[in-house]
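I opened the notebook today to look up how some helices pack and how two chains meet. The entries below follow the order in which I went through them.

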Amino acid sequence: MIRRILIGTFFLLMLSGCWDNKDINHRALPIAMGISFHQGEYKVYLDIPKVSVNNEGIDVVTANGDSISAAVNKISVNMESQVDLLHLKVIVVDEPFAKLGLEEITSNIIRSRHVSPKTMFVISDEPLDRFFTRINNETDGDGKEIYDFFQKDAGWNPEIAHTPVWKVFRSIHSYTNDVVVPIVKSGESTTIESMGSAILKNGRMVSRLNNEQTLFYNVFDGKSLEGKIEIMGHSTVQIVSSSIKNNGRFENNKPVLDSVLKLNVTILDTSGQTSIKDFQTKLKKLLDHEMDQIFQKMKRANADIFGIGQHFRNELPRTELAQWRSKYLPDARINLDIKTTVRNTGNLKLND
Amino acid sequence: MYKNLQVSTTYVLSHLGLIFFVYPIDVIESTSQAHWLPVLFGFAFHLLVVTIYLKGLRYFKGQNIVEILMERNKFVAWCILFPALLYMAWLAVLSVRGFAEVVSIAILSNTPLWVLNLLLLVIPGFITSQGMIGGILRLSVLLGVLFVVPVVFVIATSFQNADWHYLFPLWPDSGAMTFLLKPHFNMSLFAYSGAFLMFGFLPSFAKFKPKAVYWGSLVLLPAYLISVYVPVLTLGEQTARQLQFPYLFVVDTVEINWLMFERINVFLLLSLIAFFMFYISLLIWQILCVIQLGIKDISSNYLVPIIILPILIGCLCIPDWRTAGQLLQWSMRFQLFVVIVIPGYLLTIGWLHAKKSKAESKNL
């Protein structure tokens, strides 16, 4: 019995998992990382919250390096604590870098396992130097805005694209999936200002959508919760729920996607005399028009952000699917049918 | 007394520990479409071998494989048992080394590898020497109860980002069976053949009905399918192909706002580590069985460390992940040989034995 207890105690002591462990107060846990690329050299910015009783804000540290991990390592060497990217939530890159292509850093992030694949990619509309100085202005906020801005349970809105790194990684290797990532800049009255989103094709920025178009993209993608649509000069509605059904087919050898979009909305405000019918036709017209515009943009960029090709997996053999973007997407067409239900009109009545 | 439940949990857990790591990528690499084909093929192969094995064992009521073989020609017995012994030790070396690397990549990146290897051997050794097979069987029920909730939870949530369009095309076009010739398909059989030899060792310690095993296999089939299909549905075949452990990666992409834990991967990994240790303790017990019944009845207190030591040295001799994969690929033929020959031989002598005893009873 005593021997068993001894062996048990030995295991308890030796296998506690505290091997080479660094305590949390000796770790720096950045919440955002900025990466820019100039003449073969990366510049890395790390946003590290100061850990103290009275939330003193944030430290921005920077370093240059031939690779991102080299730059991060340089920061780690020069800091008194060890940089740990485990809780990184946002990676900000500047526009020139995004246009050059994010394939390499995406695959490096996926490879390293230090950064979670749920981290978001964000493109900055201004030089990163300016962006990081301005968002960490000590007079407003606690410096964690960039973190909260993209959190679904905090500051995220349906006008903002939401694309984790693993989706970017998937789009790089996929035949039929491209992604949109949010574009932001430092704001005037708020810390961050959303500037719409960028279309990434194979990890390279090829075009951009504005805020409203991003909302419609999200609606089409099924992420529209509580999005507000403004019908110019007419009224504003809030989307309560939406569902979409797609069916792909070939017509004269050209791919056609039949989509039925069901929207459940409530009315927020109206101007002038209007009726529910009137309002439904206006909303339909607006959505048709906007979707058409996004679609044209997408075709010009040759990037399948809606994953239209996914609906043709059964029709096309793999070898053909591999040429989806170049051979079939330019001829693709969407038949969008929108069915709106006005669930309620708020406290005021509205005529049929 | 029948121990059907314990035997089926033992069967399920020891396989679960092997499924979620290299198996998915082997299947994905073996074909580019209709992945259910290699999965079902492997599973059918597994069921066939298990059926033959159990059938053979039933001819000898209550005897285990070592006793059965030793009763007959000793030379032939050792011709069968020695490769089996090598096979089990080899399995232990490869899987412990592989798993240590997984743990190192996934959670304990700072811990030296030899500690992880040691950890994955000492605890199973301790389980074996303390409980022997009775303890191991009971432990399987306990582990099942403890870990079934987190494992099922993680598996259910891993479907979060599934895009069901990736399921298509369901039917492969021409050349669908080429996966049979791919070395990766051979390697995927590892997840089917790693643990089932234990049935041969059980009969003299625990009675069970073959039904218990078949019920267990019904639990395993969805696990095999899920481990391959969740990565394919979430990432698509082209992307899943790039990854080392596709299933673990997909679990890492799951986002649950209301859960206070950031990475639910940890739940899955810790459960799988428990299952894996359980599997290793089973392997050690099988090796122990062969030595005690076949060579000399040495006390297990001495024998367990003697078994662990060469396995540990073997683990330390494998320098990297690629070598481990290559060794597995090379030895797959040998492994399949052992896996096919043992049940086949058992069935043959069982059949002869039954015929002989029938003739004897007629003569009387």
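I began with α1(B) and α9(B), in what is a predicted model, and found them roughly parallel to each other, because their axes cross at roughly 20° and angles under 35 degrees count as roughly parallel. I noted that the axes of α1, residues 4-19 of chain B, and α9, residues 210-235 of chain B, come within 8 Å, and that their crossing is right-handed.

I then looked up which residues make this contact: on the α1(B) side I listed Asn4(B), Val7(B), Ser8(B), Tyr11(B), Val12(B), His15(B), Leu16(B) and Ile19(B), and these meet residues of α9(B) including Trp215(B), Gly216(B), Leu220(B) and Tyr224(B). Sorted by class, the contact of α1(B) with α9(B) holds twelve nonpolar and five polar residues, with no charged residues.

Next I turned to the meeting of the chains, where 23 residues of chain A are in contact with 23 residues of chain B. On the chain A side, I found that helix α7, residues 165-173, gives the largest share, which is four residues. By class, I recorded nine nonpolar, six polar and eight charged residues on the side of chain A that touches chain B.

Last, I checked helix α5 of chain A, residues 128-135, in which Leu128(A), Phe131(A), Phe132(A) and Ile135(A) are buried. I placed these four on the same side of α5(A), because they cover an arc of only 90° around the axis.

Technical notes: Residues are numbered from 1 along each chain as its sequence is written. Chains are lettered from A and ligands numbered from 1 in the order in which they are written. This is a predicted model: local features need pLDDT of at least 70, side-chain atom pairs count only at pLDDT 80 or more; totals for chains, interfaces and linings use all residues. A residue is buried if 20 or more other C-beta atoms lie within 10 Å of its own, exposed if 12 or fewer, and partly exposed in between; C-beta atoms are placed from the backbone. Helices (H or I, at least four residues) and strands (E, at least two) are DSSP runs, numbered from the N terminus. The arc is that of the directions from the helix axis to the C-beta atoms. Axes are lines fitted to C-alpha atoms, for helices over the stretch in contact, and angles run from 0 to 180 degrees between N-to-C directions. A crossing is left-handed if the near helix is turned anticlockwise from the far one by less than a right angle, and right-handed if clockwise. Two residues are in contact if their C-beta atoms, placed from the backbone, lie within 7 Å. Ala, Val, Leu, Ile, Met, Phe, Trp, Tyr, Cys and Pro count as nonpolar, Asp, Glu, Lys and Arg as charged, and the others, Gly among them, as polar.
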